[in-house]
Amino acid sequence: MFEQPRIRTAAPADAEPLATLAERTFRDTFADDNSIDDIEAYVRDSFSLERVRAELADDANTLLLAFVDGGEQPR
């Protein structure tokens, strides 16, 4: 049987795992269709820890995290 995913709003303490997940997902999705230079530039600008922290601190944003199989890391 599959366990129901647990979903919660991201908090400032989630910045590092969220940045890591976002970068990995972006690379997995777009690496084959872009140059390494373009990928590195985008990742550096979009998924830096400072940028993710700023997005989490902005009240205009709501980021949700999903946890599956009893895990403690978002997936």
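Start by selecting helix α1 together with helix α2, which covers residues 36-46. In this predicted model, the axes of the two helices come within 11 Å and cross at roughly 155°. An angle over 145° counts as roughly antiparallel, so α1 and α2 are roughly antiparallel to each other. Look along the pair and you can also check the hand of the crossing: α1 passes α2 in a right-handed way. Now show the side chains where the helices meet. From α1, the contact is made by E23, F26, R27 and F30, and from α2 by I39, E40, Y42 and V43.

**Stay on α1: E23 and R27**

Keep E23 and R27 on display and hide the rest for a moment. Both residues lie in α1, which runs over residues 15-30. They sit four residues apart, about one turn of the helix. What do E23 and R27 form with each other? They form a salt bridge, with the closest N and O atoms 2.9 Å apart. Switch on a surface and you will find E23 partly exposed, at 26% relative accessibility. R27 is partly exposed as well, at 23%.

**Swing over to α3**

Next, keep α1 and add α3, which spans residues 49-57. The axes of α1 and α3 come within 9 Å and cross at roughly 115°. That makes α1 roughly perpendicular to α3, because angles from 65 to 115 degrees count that way. The crossing of α1 and α3 is right-handed. To see where they meet, select A15, E16, L18 and A19 in α1, then L49, V52, R53 and L56 in α3.

**A salt bridge along α3**

Leave α3 in view and pick out R51 and E55. How far apart are the closest N and O atoms of the salt bridge between E55 and R51? The distance is 3.1 Å. The two residues are four apart in α3, which means they are separated by about one helical turn. On the surface, E55 is partly exposed, with a relative accessible area of 29%. R51 is partly exposed too, with a value of 39%. Elsewhere, salt bridges that share partners join E23, R27 and E40 into one network. You have already met these three residues: E23 and R27 are on the α1 side of its contact with α2, and E40 is on the α2 side.

**Follow the chain past α3: N61**

Keep E55 selected and add N61. You will find N61 in the loop between α3 and β2, the strand at residues 64-67. Which part of E55 should you look at here? Show the backbone oxygen of E55, which lies 3.0 Å from a polar atom of the side chain of N61. N61 itself is partly exposed, with a relative accessible area of 32%.

**Back before α1: D14 and R8**

Now select D14, in the loop between β1, which covers residues 6-9, and α1. Is D14 buried or exposed? It counts as buried, because its relative accessibility is 10% and the limit for buried is under 20%. Add R8 to the view. D14 forms a salt bridge with R8, and the closest N and O atoms are 2.8 Å apart. The side chains of D14 and R8 are also listed as making a polar contact at 2.8 Å. Unlike buried D14, R8 is partly exposed, with a relative accessible area of 30%.

To see what else surrounds D14, display its neighbours. Not counting residues up to four places away in sequence, D14 touches R8, T9, L56 and L65. One of these, L56, also appeared on the α3 side of the contact between α1 and α3.

**Zoom out**

Finally, show the whole chain as a cartoon. How many helices and strands does it have? There are three helices and two strands. Read along the sequence, they follow the pattern β-α-α-α-β. If you colour by accessibility, 23% of the 75 residues count as buried. For the salt bridges, the count for this model comes to four. Among them are D14 with R8, E23 with R27 and E55 with R51. As a last view, draw the contacts between residues with a separation of 6 or more: residues 24 or more positions apart account for 66% of these.

Key: Residues are numbered from 1 along each chain as its sequence is written. This is a predicted model: local features need pLDDT of at least 70, side-chain atom pairs count only at pLDDT 80 or more; totals for chains, interfaces and linings use all residues. Side-chain values use heavy atoms; hydrogens and water are left out. Buried means under 20% relative accessible area, exposed over 50%, partly exposed in between (1.4 Å probe, protein chains only). A polar contact is a pair of N or O atoms within 3.5 Å; within protein, one must be able to donate a hydrogen and the other to accept it, and residues adjacent in sequence count only if both atoms are side-chain atoms. A salt bridge is a side-chain nitrogen of Lys or Arg within 4 Å of a carboxyl oxygen of Asp or Glu. Contact means heavy atoms within 4.5 Å. Axes are lines fitted to C-alpha atoms, for helices over the stretch in contact, and angles run from 0 to 180 degrees between N-to-C directions. Angles under 35 degrees count as roughly parallel, over 145 as roughly antiparallel, 65 to 115 as roughly perpendicular and the rest as oblique. A crossing is left-handed if the near helix is turned anticlockwise from the far one by less than a right angle, and right-handed if clockwise.
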